[in-house]
Amino acid sequence: MDHLGAPLWPGVGSLWLLLTGAALAPPPNSPGPKFESKAALLVAHGHKELLCFTERLEDLVCFWEEAASAGISPDNYSFSYQLEGEQWKPCRLHQAPAARGAVRFWCSLPTADTSSFVPLELRVTAASSGAPRYRRVIQINEVVLLDPPAELEARRADEGGHVVLRWLPPPGAPMASLIRYEVNISAGGAAGNAQKVEILDGRTECVLSNLRRGTRYTFTVRARMAEPSFDGFWSAWSEPASLLTASDLDPLILTLSLILVLILLLLAVFALLSHRRFLCKFLYFCKVNEMGLRERGL
């Protein structure tokens, strides 16, 4: 019996490790942090209907949110889509928790069915009754949601009072020359006084003028595909870059002024020393004369 029971323990240990790994592993098809942030960005803009976005024109994710309730699951709905001239196809729904006690249902289309400039019809129905819940017709090139621009830098220009901003296009963005940007400018951390400047033609640099001197500014930039060939949504704002603008006193003028003040101080010291020598000689001469008069009895 011992030689029959000995191999049992390694098998039990392997099974335990397998079950433990499955319990600790993330749920299949769970959305990543980037999807969560982009979905929250669209919902924050007040969109309540079926929402879709693509990041690189080779993908498409559609989702909607509703209040969580007992028994709600992806099995309650049926999601299907149809490219123009093709048959309807099902898309598997997934479920994830969302903010404010809501639940999010989402579906990711296969790359083979993400063709730009082709009408794509989407349909969500109740699984039990077939009653329609959502229906949309979109083109993938019109729902682009890019990542934020990267590596924003701010520096003073050689010309006084100007600031130069540079950044990189969103990582993995398609056709960077067709991206337009929006720069947000806020002074002293006051968001209410922010200004916005739009940059076209895919340029990733701009020169800002008419900024207040001696003021700390914070800059951010976001991206969006340019019309008319593309459309979509503004990306999230980039990481901020800060800069303190030059003061009202020009450094050259300030340096020359300091040199002039030092020269005047040195001249004043020399004049004082010369006057002191003259005064000492004059006093010495007066004293000698007085001693001479006393010797003569005058």
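A cavity here is a set of grid points where a 1.4 Å probe fits but cannot get out. This predicted model holds one cavity of 30 Å³ or more. Let's look at helix 3 first, then come back to that cavity, since K38 turns up in both the buried set of the helix and the cavity lining.

**Helix 3: length and end**
- Helix 3 covers residues 33-44, and its 12 residues should span 16 Å at 1.5 Å a residue; the end C-alpha atoms sit 16 Å apart, so the two agree.
- Just past the helix comes G46, with a positive phi of about 95°.

**Helix 3: two sides**
- On the inside, you'll find F35, K38, A39, L42 and V43 buried.
- Looking down the helix axis, those buried residues fall within an arc of 135°, so they line one face of helix 3.
- That fits the general pattern: an α-helix has 3.6 residues a turn, so residues three or four places apart point the same way.
- Turned away from the buried side, P33 and A44 are exposed.

**What the buried face packs against**
- Partners of the buried residues of helix 3 include strand 1 (51-53), strand 2 (61-67) and strand 6 (102-108).
- Strand 9 (144-145) and strand 16 (232-233) also pack against them.

**The cavity**
- The largest cavity has about 30 Å³ of space.
- Its lining is made up of K38, E55, R56, L146, D147, P170, P171, G172 and A173.
- By type, the lining of the largest cavity splits into four nonpolar, one polar and four charged residues.

Note on methods. Residues are numbered from 1 along each chain as its sequence is written. This is a predicted model: local features need pLDDT of at least 70, side-chain atom pairs count only at pLDDT 80 or more; totals for chains, interfaces and linings use all residues. Side-chain values use heavy atoms; hydrogens and water are left out. Helices (H or I, at least four residues) and strands (E, at least two) are DSSP runs, numbered from the N terminus. The expected span of a helix is 1.5 Å times one less than its number of residues. Buried means under 20% relative accessible area, exposed over 50%, partly exposed in between (1.4 Å probe, protein chains only). The arc is that of the directions from the helix axis to the C-beta atoms. Contact means heavy atoms within 4.5 Å. On a 1 Å grid over the protein atoms alone, a cavity is a set of points where a 1.4 Å probe fits but cannot get out, and a pocket is an open set with protein on both sides within 12 Å along at least five of seven lines; lining residues have an atom within 4 Å of a point. Grid points are joined across faces, edges and corners, and a volume is the space filled by probe spheres set on the points. Ala, Val, Leu, Ile, Met, Phe, Trp, Tyr, Cys and Pro count as nonpolar, Asp, Glu, Lys and Arg as charged, and the others, Gly among them, as polar.
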